[in-house]
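Hello,

Here is the structure I said I would pass on. Please look through it first, then read my notes below.

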Amino acid sequence: MGGVTRSSAPGPAAPPPAEPSKREWFSEIIGRTRFVVLIAVIAVLLVSFSLFLQGTLLALQTIWESWRDTLNQGISSQKGELTVEFLEIVSTMLKAVVFYLIGVGLYSLFITPLNLTSALGVESLADLEQKVVSVIIVILGVTFLEHFVRWEKPLDTLYFAGALALAGGALVFFQRVHRGSGGDLEQPQSKLRARQELFEFHTEQRHIDDRDVELAEAATQAKLEGKADAEEGSG
(Lines give C-alpha, C1' and ligand atoms only; values in the text may rest on other atoms or scores of the structure.)
Protein backbone atom coordinates (compact mmCIF):
# COMPACT_ATOMS: atom_id res chain seq x y z
CA MET A 1 0.00 0.00 0.00
CA GLY A 2 2.77 2.35 0.74
CA GLY A 3 3.51 4.52 -2.25
CA VAL A 4 6.81 5.92 -3.19
CA THR A 5 7.10 9.55 -2.20
CA ARG A 6 8.37 11.56 -5.05
CA SER A 7 10.85 14.20 -3.96
CA SER A 8 10.34 17.40 -5.84
CA ALA A 9 13.49 18.53 -7.52
CA PRO A 10 14.61 21.93 -6.31
CA GLY A 11 14.03 24.64 -8.86
CA PRO A 12 16.72 26.89 -10.17
CA ALA A 13 18.03 29.24 -7.54
CA ALA A 14 16.93 32.83 -7.95
CA PRO A 15 19.78 35.00 -9.09
CA PRO A 16 21.02 37.32 -6.38
CA PRO A 17 19.91 40.92 -6.75
CA ALA A 18 22.35 42.87 -8.78
CA GLU A 19 24.22 45.37 -6.71
CA PRO A 20 24.01 48.89 -8.02
CA SER A 21 27.08 50.03 -9.81
CA LYS A 22 29.13 52.91 -8.55
CA ARG A 23 27.72 55.10 -11.32
CA GLU A 24 24.12 54.26 -10.34
CA TRP A 25 24.92 54.84 -6.67
CA PHE A 26 26.45 58.22 -7.47
CA SER A 27 23.50 59.12 -9.70
CA GLU A 28 21.17 58.26 -6.82
CA ILE A 29 23.05 60.66 -4.55
CA ILE A 30 23.02 63.41 -7.17
CA GLY A 31 19.28 62.92 -7.64
CA ARG A 32 18.70 63.24 -3.90
CA THR A 33 20.48 66.58 -3.82
CA ARG A 34 17.29 68.11 -5.22
CA PHE A 35 15.99 68.24 -1.66
CA VAL A 36 18.42 71.08 -0.97
CA VAL A 37 15.87 73.23 -2.81
CA LEU A 38 13.71 72.92 0.31
CA ILE A 39 16.00 75.48 1.95
CA ALA A 40 15.15 78.03 -0.73
CA VAL A 41 11.47 77.05 -0.67
CA ILE A 42 11.18 77.60 3.08
CA ALA A 43 13.09 80.89 2.95
CA VAL A 44 11.04 82.28 0.04
CA LEU A 45 7.73 81.21 1.59
CA LEU A 46 8.71 82.87 4.89
CA VAL A 47 9.38 86.09 2.97
CA SER A 48 6.01 85.74 1.25
CA PHE A 49 4.11 85.14 4.50
CA SER A 50 5.91 88.09 6.08
CA LEU A 51 4.89 90.38 3.21
CA PHE A 52 1.30 89.14 3.37
CA LEU A 53 1.21 89.82 7.11
CA GLN A 54 2.79 93.26 6.73
CA GLY A 55 0.39 94.13 3.94
CA THR A 56 -2.56 93.05 6.10
CA LEU A 57 -1.38 95.13 9.07
CA LEU A 58 -0.73 98.09 6.77
CA ALA A 59 -4.22 97.73 5.29
CA LEU A 60 -5.85 97.63 8.75
CA GLN A 61 -3.87 100.65 9.88
CA THR A 62 -4.69 102.63 6.73
CA ILE A 63 -8.39 101.78 6.95
CA TRP A 64 -8.51 102.76 10.64
CA GLU A 65 -6.69 106.07 10.08
CA SER A 66 -8.75 106.97 7.01
CA TRP A 67 -12.08 106.43 8.81
CA ARG A 68 -10.81 108.25 11.89
CA ASP A 69 -9.85 111.28 9.81
CA THR A 70 -13.15 111.08 7.90
CA LEU A 71 -15.22 111.11 11.10
CA ASN A 72 -13.14 113.88 12.72
CA GLN A 73 -12.39 116.15 9.75
CA GLY A 74 -14.96 115.19 7.14
CA ILE A 75 -14.75 113.43 3.82
CA SER A 76 -12.82 116.32 2.30
CA SER A 77 -9.78 115.31 4.33
CA GLN A 78 -9.39 112.19 2.19
CA LYS A 79 -7.47 113.22 -0.92
CA GLY A 80 -4.89 111.66 -3.19
CA GLU A 81 -2.66 110.48 -0.36
CA LEU A 82 -5.23 107.88 0.65
CA THR A 83 -5.19 106.40 -2.84
CA VAL A 84 -1.41 106.22 -2.75
CA GLU A 85 -1.47 104.42 0.60
CA PHE A 86 -3.91 101.83 -0.71
CA LEU A 87 -1.81 101.37 -3.85
CA GLU A 88 1.19 100.70 -1.62
CA ILE A 89 -0.82 97.92 0.03
CA VAL A 90 -1.61 96.43 -3.38
CA SER A 91 2.07 96.62 -4.32
CA THR A 92 3.07 94.84 -1.10
CA MET A 93 0.55 92.05 -1.72
CA LEU A 94 1.74 91.61 -5.31
CA LYS A 95 5.34 91.31 -4.11
CA ALA A 96 4.18 88.63 -1.67
CA VAL A 97 2.50 86.81 -4.58
CA VAL A 98 5.79 86.83 -6.51
CA PHE A 99 7.68 85.15 -3.66
CA TYR A 100 4.80 82.72 -3.11
CA LEU A 101 4.80 81.67 -6.76
CA ILE A 102 8.54 81.13 -6.64
CA GLY A 103 8.30 79.06 -3.46
CA VAL A 104 5.49 76.72 -4.50
CA GLY A 105 6.86 76.57 -8.05
CA LEU A 106 10.28 75.39 -6.91
CA TYR A 107 8.70 72.85 -4.57
CA SER A 108 6.50 71.45 -7.33
CA LEU A 109 9.33 71.31 -9.86
CA PHE A 110 12.01 69.76 -7.64
CA ILE A 111 10.23 67.93 -4.79
CA THR A 112 6.64 66.82 -5.53
CA PRO A 113 4.23 67.91 -8.29
CA LEU A 114 1.29 69.89 -6.92
CA ASN A 115 -2.19 70.40 -8.31
CA LEU A 116 -1.86 74.06 -7.34
CA THR A 117 1.00 74.77 -9.72
CA SER A 118 -0.61 72.71 -12.48
CA ALA A 119 -3.85 74.68 -12.09
CA LEU A 120 -1.82 77.89 -12.36
CA GLY A 121 -0.01 76.64 -15.46
CA VAL A 122 3.44 76.23 -13.91
CA GLU A 123 4.87 73.05 -15.41
CA SER A 124 8.51 74.07 -15.89
CA LEU A 125 11.04 76.73 -14.99
CA ALA A 126 10.05 78.58 -18.17
CA ASP A 127 6.42 78.65 -17.00
CA LEU A 128 7.51 79.90 -13.58
CA GLU A 129 9.53 82.68 -15.20
CA GLN A 130 6.51 83.69 -17.29
CA LYS A 131 4.22 83.93 -14.24
CA VAL A 132 6.74 85.87 -12.16
CA VAL A 133 7.47 88.28 -15.01
CA SER A 134 3.73 88.89 -15.48
CA VAL A 135 3.30 89.84 -11.82
CA ILE A 136 6.41 92.05 -11.93
CA ILE A 137 4.95 93.96 -14.89
CA VAL A 138 1.79 94.57 -12.87
CA ILE A 139 3.91 95.78 -9.92
CA LEU A 140 5.69 98.24 -12.24
CA GLY A 141 2.32 99.56 -13.39
CA VAL A 142 1.07 99.98 -9.81
CA THR A 143 4.32 101.70 -8.81
CA PHE A 144 3.99 104.19 -11.66
CA LEU A 145 0.36 104.80 -10.70
CA GLU A 146 1.49 105.74 -7.19
CA HIS A 147 3.88 108.38 -8.58
CA PHE A 148 1.27 109.59 -11.05
CA VAL A 149 -1.33 110.12 -8.30
CA ARG A 150 1.16 112.06 -6.19
CA TRP A 151 2.19 114.29 -9.15
CA GLU A 152 4.71 116.17 -7.04
CA LYS A 153 7.43 116.68 -9.65
CA PRO A 154 6.09 116.28 -13.20
CA LEU A 155 9.56 116.10 -14.79
CA ASP A 156 10.72 113.40 -12.38
CA THR A 157 7.47 111.54 -12.99
CA LEU A 158 8.16 111.68 -16.73
CA TYR A 159 11.67 110.29 -16.24
CA PHE A 160 10.28 107.62 -13.96
CA ALA A 161 7.68 106.68 -16.57
CA GLY A 162 10.40 106.37 -19.21
CA ALA A 163 12.49 104.11 -17.00
CA LEU A 164 9.50 101.91 -16.22
CA ALA A 165 8.56 101.79 -19.90
CA LEU A 166 12.04 100.52 -20.78
CA ALA A 167 12.00 97.92 -18.01
CA GLY A 168 8.43 96.84 -18.77
CA GLY A 169 9.11 96.72 -22.51
CA ALA A 170 12.13 94.48 -21.94
CA LEU A 171 10.04 92.12 -19.78
CA VAL A 172 7.24 92.00 -22.36
CA PHE A 173 9.81 91.26 -25.09
CA PHE A 174 11.22 88.48 -22.91
CA GLN A 175 7.74 87.00 -22.55
CA ARG A 176 7.09 87.06 -26.30
CA VAL A 177 10.45 85.47 -27.10
CA HIS A 178 9.92 82.62 -24.63
CA ARG A 179 6.20 82.18 -25.25
CA GLY A 180 5.28 78.59 -25.96
CA SER A 181 8.50 77.19 -24.47
CA GLY A 182 6.82 75.90 -21.32
CA GLY A 183 6.42 72.36 -20.08
CA ASP A 184 5.28 69.56 -22.36
CA LEU A 185 2.62 68.57 -19.83
CA GLU A 186 0.94 71.97 -20.16
CA GLN A 187 -2.40 70.67 -21.45
CA PRO A 188 -5.90 72.05 -20.85
CA GLN A 189 -7.13 68.61 -19.71
CA SER A 190 -4.40 68.36 -17.08
CA LYS A 191 -5.12 71.86 -15.82
CA LEU A 192 -8.85 71.25 -15.54
CA ARG A 193 -8.32 67.96 -13.75
CA ALA A 194 -5.82 69.57 -11.38
CA ARG A 195 -8.26 72.37 -10.59
CA GLN A 196 -11.05 69.87 -9.93
CA GLU A 197 -8.87 67.72 -7.67
CA LEU A 198 -7.58 70.78 -5.83
CA PHE A 199 -10.74 72.81 -5.31
CA GLU A 200 -13.40 70.06 -5.23
CA PHE A 201 -11.62 66.98 -3.88
CA HIS A 202 -8.99 68.89 -1.84
CA THR A 203 -6.14 66.80 -3.23
CA GLU A 204 -2.89 68.72 -3.07
CA GLN A 205 -0.40 66.32 -4.65
CA ARG A 206 -0.61 65.87 -8.40
CA HIS A 207 -0.54 62.46 -10.06
CA ILE A 208 0.80 62.18 -13.61
CA ASP A 209 -0.69 59.17 -15.42
CA ASP A 210 0.18 57.59 -18.74
CA ARG A 211 -2.55 59.52 -20.54
CA ASP A 212 -0.89 62.81 -19.58
CA VAL A 213 2.42 61.61 -20.97
CA GLU A 214 0.80 60.47 -24.22
CA LEU A 215 -0.93 63.82 -24.68
CA ALA A 216 2.32 65.65 -23.93
CA GLU A 217 4.24 63.57 -26.45
CA ALA A 218 1.59 64.14 -29.11
CA ALA A 219 1.55 67.89 -28.47
CA THR A 220 5.34 68.09 -28.55
CA GLN A 221 5.52 66.16 -31.81
CA ALA A 222 2.83 68.37 -33.34
CA LYS A 223 4.79 71.48 -32.37
CA LEU A 224 7.98 70.08 -33.87
CA GLU A 225 6.19 69.25 -37.12
CA GLY A 226 4.55 72.68 -37.21
CA LYS A 227 1.03 71.25 -37.02
CA ALA A 228 0.16 73.06 -33.79
CA ASP A 229 0.68 76.59 -32.60
CA ALA A 230 3.35 77.03 -29.92
CA GLU A 231 0.78 78.64 -27.67
CA GLU A 232 -1.72 75.79 -28.03
CA GLY A 233 -2.49 74.01 -24.77
CA SER A 234 -1.51 76.94 -22.56
CA GLY A 235 -5.09 77.86 -21.73
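How many helices and how many strands does the protein chain have? The secondary structure comes to eight helices and zero strands. Read along the sequence, the pattern is therefore α-α-α-α-α-α-α-α, with runs of helix or strand assigned by DSSP. Please keep in mind that this is a predicted model.

An unreviewed UniProt entry places the feature "transmembrane region" at residues 35–60, 97–120, 132–151 and 157–174. I have notes on two of these stretches. Residues 132–151 are 95% helix and 0% strand, and the C-alpha atoms at the two ends lie 29 Å apart. Residues 97–120 are 83% helix and 0% strand, with end C-alpha atoms 13 Å apart.

Next, the chain as a whole. The protein chain has 235 residues, and 29% of them count as buried. About 16000 Å² of the chain is exposed, and carbon and sulfur atoms supply 64% of that area. Take the contacts between residues at least 6 apart in sequence: 72% of them join residues at least 24 apart.

Last, the charged side chains. Side chains of opposite charge can pair when their charged atoms come close. The structure holds one salt bridge. Which residues form the salt bridge? The side chains of Arg68 and Asp69 do, at 3.6 Å from N to O. Is Arg68 buried or exposed? Arg68 is partly exposed, because its relative accessible area of 38% falls between the cut-offs of 20% and 50%. Asp69 is also partly exposed, at 25% relative accessibility.

Regards

Technical notes. Residues numbered from 1 in each chain as written. Predicted model: local features only at pLDDT ≥ 70, side-chain atom pairs only at ≥ 80, totals over all residues. Heavy atoms only, no water. UniProt positions renumbered as here; feature names shortened; annotations may be inferred. Helix = DSSP H or I, 4+ residues; strand = E, 2+ residues; numbered from the N terminus. Buried < 20%, exposed > 50% of the residue type's maximum accessible area, 1.4 Å probe, protein only. Contact = heavy atoms within 4.5 Å. Areas by Shrake-Rupley, 256 points an atom, 1.4 Å probe, with all protein chains shown as cover. Salt bridge = Lys/Arg side-chain N within 4 Å of Asp/Glu carboxyl O.
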